[in-house]
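Please look through the structure below alongside these notes, which take up a few residues, the ligand and its surroundings, and the cysteines. Each point can be checked against the model as you read.

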Amino acid sequence: MDFTLSEEQLMIQQAAKDFAQNELLSGVIERDDAQKFPSELVRKMGELGFMGMMVDEKYGGSGLGTLSYVLAMEELSKIDASASVMVSVNNSLVCWGLETYGTEEQKQKYLTRLASGEIIGAFCLSEPEAGSDATSQKTTAIDKGDHYILNGTKNWITNGNQAEVYLVIAQTDREKGHHGINALIVEKNMEGFDIGPKENKLGIRGSDTHSLMFNDVKVPKKNRIGDDGFGFKFAMKTLAGGRIGIAAQALGIAAGAYELALKYSKERKAFGTEIANHQVIAFKLADMHTKIQAARHLVYQAACDKDAGNDYTLSGAMAKLYASEVAMETAVEAVQIHGGNGYVKDYHVERLMRDAKITQIYEGTSEIQKIVISRSILKD
Ligand code: CAA
């Protein structure tokens, strides 16, 4: 196994690092406070090719591999996880889903604009009563011949208000269970589609999270992704890749918190010396560094599996499970190393600690990852 990065991959990593330092860092605290991410920054990320990294160039994407994508995700997430979740959802859930399973007409109409960052997308699976238990969809898409009539509510939708295009999972035929679920492309301006108030969140507060309401929304049949009844498989296959993006986000949060703690521990003095010289702090840093490197290997492995055309459901779930645990643990320790300063916003680590928590929850909680992992290792 060789994780030596190519020149192109190193360049992408550097470009993401530069963007994070030069564009995301200033204002990250204010965006967290105000719960706002400016569309201007989304546009810039689009211009740099971060919004459709793995999409073929003929559809306006950057034509890169998953490894390049996770490198960028890590760098963006070190500074601003609110920005990186927008990148992750647009890339791995929306663009990848459309490019892999969409019709040519859907790709021309939606993917080209999504991949260039001209518009952004949202992935709508979760409901008030269907989070982890994703087959229990209450949202319905009733077949009316050449269109569906969509009714229901979706919850905690990333890019909820900023998006223009929504991939909505809904039940068409309840008797068929999860084989009766469809994935539909819904446009923001469709009649009967309403956006609820913004969620007031613990972390990733700059990201745009809303509930969505569909009241008799007429969705043309040509907006269905894949064959009739493919919606649940579509959601599962798309989420398997999405989890690699969130694993990379978790890795970035961990690495960002560690880098801040390392720097601080070499500057801050206590008991006559820099605190890094106290073994109690040095050992914390040693643990953080070791676990981050282990998480990085799992994330790279999952990305390489996807790029090589191998099954990545297991490696992606393991990467997300472990990297999100490391993110939480590392961010808590980074706050501890910063002491009182860690508890105030200016030092950034308290935000990273709040942001870390969501990586154990969205795109499948840690418990769901354990279901996926255990089923995979027990099936043979
Ligand atoms: N790839 C392809 N198919 C898959 C699959 C995968 N990775 N995982 C499951 N399936 C298929 C199964 O083969 C099965 O199909 P068949 O009956 O035809 O064989 C079907 O899906 C149902 O599978 P299960 O019987 O295993 O279903 P289950 O009810 O036991 O649930 C689960 C499986 C893994 C728990 C699933 O419900 C799950 O992943 N839940 C979590 C949902 C989730 O991640 N939500 C995140 C919301 S999105 C989000 O957070 C985005 C955001 O904005 C940031």
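1. Ile204 counts as buried because its relative accessibility is 4%, where buried means under 20% relative accessible area, exposed over 50% and partly exposed in between, with a 1.4 Å probe and protein chains only. Ile204 lies in the loop between strand E6 (193–198) and strand E7 (209–220), and although Ile204 is not a glycine, its phi is positive, at about 30°. Helices (H or I, at least four residues) and strands (E, at least two) are DSSP runs, numbered from the N terminus.

2. Before going further, please keep in mind that this is a predicted model, in which local features need pLDDT of at least 70 and side-chain atom pairs count only at pLDDT 80 or more, while totals for chains, interfaces and linings use all residues. Residues are numbered from 1 along each chain as its sequence is written, and side-chain values use heavy atoms, with hydrogens and water left out.

3. Is Phe271 buried or exposed? Phe271 is exposed, because its relative accessible area is 80%. Phe271 sits in the loop between strand E8 (269–270) and strand E9 (273–274), and Phe271 has a positive phi of about 55° without being a glycine.

4. The ligand deserves a careful look, since the space that it takes is the largest pocket. On a 1 Å grid over the protein atoms alone, a pocket is an open set of points with protein on both sides within 12 Å along at least five of seven lines, and a molecule sits in a pocket if more than half of its atoms lie within 2 Å of its grid points. There are 24 residues around the ligand, and those that come nearest are Ser132, Thr158, His178, Arg243 and Arg375; a residue is near a molecule if one of its heavy atoms lies within 4 Å of it.

5. Which helices each supply at least two residues of the shell around the ligand? They are helix H5 (81–101), helix H7 (231–267) and helix H11 (366–378), and H7 gives the largest share, six residues.

6. Polar contacts, which are pairs of N or O atoms within 3.5 Å, can be followed at the ligand. An N or O atom in the side chain of Thr158 is 2.8 Å from an oxygen atom of the ligand, and one in the side chain of His179 is 3.4 Å from a ligand oxygen atom. At Gly364 a backbone N or O atom takes this part, 3.0 Å from an oxygen atom of the ligand. Taken alone, the ligand exposes 1,100 Å², and the protein buries 75% of that, with accessible areas coming from the Shrake-Rupley method with a 1.4 Å probe.

7. Tyr312 is found in the loop between helix H8 (279–307) and helix H9 (313–338), and Tyr312 is buried because its relative accessible area is 13%. Tyr312 and Arg243 are 69 residues apart in sequence and 9.9 Å apart in space, C-alpha to C-alpha.

8. How many disulfides does a search of the whole structure find? The search finds zero, a disulfide being a pair of cysteine sulfur atoms within 2.5 Å. Cys124 is in no disulfide, and the nearest cysteine sulfur, that of Cys95, is 14 Å away. Cys124 is buried, with a relative accessible area of 0%, whereas Cys304, at 26% relative accessibility, counts as partly exposed.

Definitions and conventions:
Polar contact = N/O pair within 3.5 Å; in protein donor to acceptor, adjacent residues only side chain to side chain. 1 Å grid on protein atoms, 1.4 Å probe; cavity = no way out; pocket = protein on both sides within 12 Å on 5 of 7 lines; lining within 4 Å.
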